[in-house]
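Me: I have a structure open and would like to understand the labels given to one of its sites. Could you take me through the reasoning?

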Amino acid sequence: MIADAQCVVLGAGGLGCPALLGLRMAGARRITIVDHDRVEVSNLHRQVLYDTGDVGAPKAEVAARWLRRHGVEATARIERLVPEGTDSMIAALDDDAIVLECTDAPALKFACNDACVRHRRTLVLGAAIGLRGHAIAVVPGSACYRCVFEAPPPGELVPSCVEAGVLGTAVGTTGMFLAHLAAAVAEGHADAVAGRLFELALGSGIVRALGGRPRPHCSCATARSPSHRRPRIATVC
Ligand SMILES: [Zn+2]
């Protein structure tokens with residue numbers, strides 16, 4: 001159950017704020033927030049846990065304070081997240097931890113995917129830009145992020161939110177959806193949602209669930225044990 005799990009939210013920005021709201025709505029009671037950044041005026045419209053009085057304060061601390069005021073046991077870790085540090089961080093988490101990757105750094109998403117696959121932790125990750133979002137839940141034995149996207153694209157091909165723009169409600173919907181996936185997995189629905197890429201085409205209102213079958217030569221294949229291998233049907237709906 002989500003109430004018993006250690007939820008670890010990486011990044012407390014545009015995705016992280018609605019994800020934290022969603023975790024609280026789902027009944028999460030233990031949440032750790034990891035972020036080194038400070039609240040800025042320019043982001044307040046979509047980072048809904050902060051207001052003008054918080055400008056300059058560490059996001060992780062402000063978000064944890066908000067959660068505590070609402071009955072959640074919240075811990076702030078003011079740390080800069082870098083791909084090289086993810087393996088040891090993920091390895092140190094509880095076996096039942098659920099990691100929500102909510103940063104805007106593609107390299108970090110792949111590093112978190114690899115570490116969670118290696119250490120058999122549950123991971124939910126996603127991204128949003130413009131009017132589009134995507135999200136995936138990865139559990140031991142399911143398809144992983146690399147099964148869908150083999151590697152991060154070259155940095156110059158990844159537009160930032162500043163360059164491409166993002167609607168506040170698009171990133172909010174995606175962040176809330178990440179919390180929903182975490183809750184679905186924790187409440188026993190992993191077989192229905194894990195390993196599938198959910199594409200949120202928010203301009204047209206269409207949500208598609210893609211794939212679901214682990215890629216045979218993906219690096220996650222060696223981390224699968226026979227007891228977790230199950231037939232999956234690739235679907236598009
Ligand atoms: Zn994989």
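Reply: Happy to; this is a predicted model, and the questions below go through its zinc site.

Me: What makes C144, C147, C218 and C220 donors of the zinc ion?

Reply: Their SG atoms lie 2.2 to 2.3 Å from the zinc ion. A sulfur atom counts as a donor within 2.8 Å of this metal, so these four qualify.

Me: Why is the site of the zinc ion called tetrahedral?

Reply: The angles among its four donor atoms are 100 to 124 degrees. The label requires angles between 85 and 135 degrees, so the site is tetrahedral. For reference, the ideal tetrahedral angle is 109.5 degrees.

Me: How are the donors spaced along the chain?

Reply: They follow C-x2-C-x70-C-x1-C. C144 sits in the loop between β6 and α5 and C220 in the loop between β8 and β9, so this pair ties together parts 76 residues apart in sequence.

Me: Why is C144 called buried?

Reply: Its relative accessibility is 0%, and buried means under 20%, so C144 meets the definition. C220, at 3%, is buried by that cut-off too.

Me: Which residues is C144 in contact with, leaving aside its neighbours within four places in sequence?

Reply: Those are N113, V117, I136, V138, C218 and C220. Two of these, C218 and C220, are also donors of the zinc ion.

Notes: Residues are numbered from 1 along each chain as its sequence is written. This is a predicted model: local features need pLDDT of at least 70, side-chain atom pairs count only at pLDDT 80 or more; totals for chains, interfaces and linings use all residues. Side-chain values use heavy atoms; hydrogens and water are left out. Buried means under 20% relative accessible area, exposed over 50%, partly exposed in between (1.4 Å probe, protein chains only). Contact means heavy atoms within 4.5 Å. Donors are N, O and S atoms within 2.8 Å of the metal (3.2 Å for Na, K and Ca); water is not among the atoms, so sites may look incomplete. Four donors count as tetrahedral if all angles lie between 85 and 135 degrees; four count as square planar and six as octahedral if opposite donors are over 155 degrees apart and all others between 65 and 115; anything else is irregular. Helices (H or I, at least four residues) and strands (E, at least two) are DSSP runs, numbered from the N terminus.
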